[in-house]
Amino acid sequence: MPAPPPREPLTVATIFTYGIGQLGLSMMGLAVYVHLAKFYTDVALLSPALVGLAVMLGRVSDAFLDPAMGFVSDSTHTRWGRRRPYLLLSALPAAVCFYLLWAPPPALGSGMLFAYFTATYLFLFIFWTVGTIPYHSWGAEITLDYHERTRLVAVRELFSVSGIVLGTLGPPIALHFFPDARTAFARMALVFGVIGTATILIPVLAIRERPEFQGREPLPPWQGVQLTLRNRSFRTLLATYFFTSVAGAVPAPLIPYMADYVLETPTLLPAYILVYLMVGIVSLPLWIRLSHRLGKKDTWSISLVIAVVVSGAMFLLGPGRSTLFFVLLACGGVSLGGSMALPASMQADVIDQDELETGKRREGAYFGLWALATKAAAAMTLFVALQILDWTGYVPNVAQTPRVVLAMRLLYSVFPGLCYLAALAMFQRYPITQAVHADIQHRIASRSAAAGPEAAQVA
């Protein structure tokens, strides 16, 4: 039987059991965000313009499912809870779609390959949404403590980065055993899909949801959206994360192109990614301690300042400058640690503020709108970036013209730097400090005590 719902402080076992669900998701996510575009342009030989169009169609269509999935998850009443049934239902279909995405039939022409890519990409993210929106919503309600949320999210992100590291090593290992690129990526996808299914089932089977959040009647969908968007704290946090998502939408899929065609060191690609991620992992305790001392707002602001500076310096990259790239990636990894530990923790604080105002627990509604804005923005940004590569004359598997190389450098450095700067400016309006959050929790507890246990249960 699953363990009963935890009380604060959370046990180490509960924190790690919840966090491990992210491991397989991140393995598959790394492959999609970093390697998929280059696989389809350089191995499957689909034009960058069509790859960008397929990604945009798939992600934008999926993004509009996110708010609906959040509402459905918030409204669900089962003996398993509001979140766990959807993780259980989506794990295997998502893994199957992930495998099919990396195993396109080799005989397909350009039109049919585009249709196949679009369909498998769309269905992968539909099933992914069905699972990930409830999973991340669940994380916001496991604990109500201001700092413990940061620890919970940090451990989840630790598993996330561990999955990304394994995902980084997957392609070179697969190519070592299977020299044919199509076969190698298909075998990698099979292994990743199995691991992803297994790891997401661990928290589903081992942890129960908090009973006090069950059985509350949800707000009507449109009224819920209106109330969510009226929340100033949420709007500020969403705008900040919107710009950071746009900033990250291009560098992740572009790093294989940078390694091949700008730095001219394709064999160092796994090392580049690992340096960035490992520094991010090592820096997590630093950001948690800094958050305890300065608060979440000032701490994430420092992370964003580092991101602005590092992104701008990336413009200096060129052939033979791999040492400079490693240094900049290490600095960027420090910033990454802050962005892993803090935004989702602040999102949970915003949801507490919403509970004070509405009497509801609407994690799904918030994470659904969060995912809608960030997915749509990232999809549109990557679409434009790949159109620019196609327009400047990108040709796969050959040395690129100076025009293409310049486009890659601008897209990898100046563009994300400006987006991080916009995010930093937006974030200064975020109002929830540790003292404000403590007052929110006190007022919720006082209202529940005054209303009595039965009224609190159905509020």
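# Notebook: confidence, voids, odd phi values, a few distances

**Confidence first.** I started with the predictor's own scores: the protein chain has a mean pLDDT of 84, with 91% of its residues at 70 or more. Residues 453-459 drop below 50, and that stretch makes nine contacts in the model beyond near neighbours in sequence. This is a predicted model, so I kept those scores in mind for the entries below.

**Largest pocket.** I went to the open space next. The largest pocket comes out at about 370 Å³. It is lined by 17 residues, and His35, Lys38, Leu175, Phe185 and Leu269 are the closest to its centre. Which elements supply the lining? Two or more residues each come from α2, α7 (146-177), α8, α11 (251-262) and α12 (269-294). I noted that α2 has the largest share of this lining, at five residues. By class I get 11 nonpolar, three polar and three charged residues around the largest pocket.

**Closed cavities.** Rolling a probe the size of a water molecule over the atoms shows where empty space remains. How many cavities of 30 Å³ or more are there? The count is four. I picked the second largest cavity for a look, and its volume is about 110 Å³. Its lining has 14 residues, with Leu25, Ser90, Ala91, Ala94 and Ile200 nearest the centre. The elements that put at least two residues into that lining are α2 (21-43), α5 (84-101), α6 (110-142) and α8 (181-206). Here α5 gives the most, with five residues. I sorted the lining of the second largest cavity by class too: nine nonpolar, five polar and no charged residues. For my own cross-reference, α2 and α8 turn up in the lining of the largest pocket and again in the lining of the second largest cavity.

**Ala95, on α5.** I stayed with α5 for another entry, since Ala95 sits in this helix. Is Ala95 buried or exposed? It has a relative accessible area of 9%, so it is buried, the cut-off being under 20%. Leaving out neighbours within four places in sequence, I find Ala95 in contact with Gly193 and Thr197. I also took the distance from Ala95 to Leu25: the C-alpha atoms are 9.5 Å apart, with the two positions 70 residues apart along the chain. Leu25 is one of the residues nearest the centre of the second largest cavity.

**Cysteines.** I searched the whole structure for disulfides and got zero. I checked accessibility for two cysteines anyway. Cys97 has 10% relative accessibility and therefore counts as buried. Cys419 is at 9%, so that one counts as buried too.

**Positive phi.** Most residues other than glycine have a negative phi, so I looked up two that go the other way. Where is Leu45? Leu45 lies in the loop between α2 and α3 (48-63), and its phi is near 65°, a positive value in a non-glycine residue. With a relative accessible area of 58%, Leu45 is exposed. Glu264 is my other case, with a positive phi of about 60° although it is not a glycine. Glu264 belongs to the loop between α11 and α12. Its relative accessible area is 53%, so Glu264 is exposed as well, the cut-off being over 50%.

**Two long distances.** Arg83 is in the loop between α4 (65-75) and α5. I read its relative accessible area as 0%, which means Arg83 is buried. How far is Arg83 from Met258 in space? The C-alpha atoms are 40 Å apart, and the two residues are 175 places apart in sequence.

Val436 was the last stop, in helix α19 (residues 434-451). Its relative accessibility is 32%, so I logged Val436 as partly exposed. From Val436 to Val34 I get 39 Å, C-alpha to C-alpha, with a separation of 402 residues in sequence.

**To keep from this session.** The void entries are the pocket of about 370 Å³ and the second largest cavity of about 110 Å³. The positive phi entries are Leu45 and Glu264. For the stretch 453-459, I keep the note that pLDDT is below 50.

How values were computed: Residues numbered from 1 in each chain as written. Predicted model: local features only at pLDDT ≥ 70, side-chain atom pairs only at ≥ 80, totals over all residues. Heavy atoms only, no water. 1 Å grid on protein atoms, 1.4 Å probe; cavity = no way out; pocket = protein on both sides within 12 Å on 5 of 7 lines; lining within 4 Å. Points joined across faces, edges and corners; volume = space filled by probe spheres on them. Helix = DSSP H or I, 4+ residues; strand = E, 2+ residues; numbered from the N terminus. Nonpolar A, V, L, I, M, F, W, Y, C, P; charged D, E, K, R; others polar. Disulfide = S-S within 2.5 Å. Buried < 20%, exposed > 50% of the residue type's maximum accessible area, 1.4 Å probe, protein only. pLDDT = per-residue confidence, 0-100. Contact = heavy atoms within 4.5 Å.
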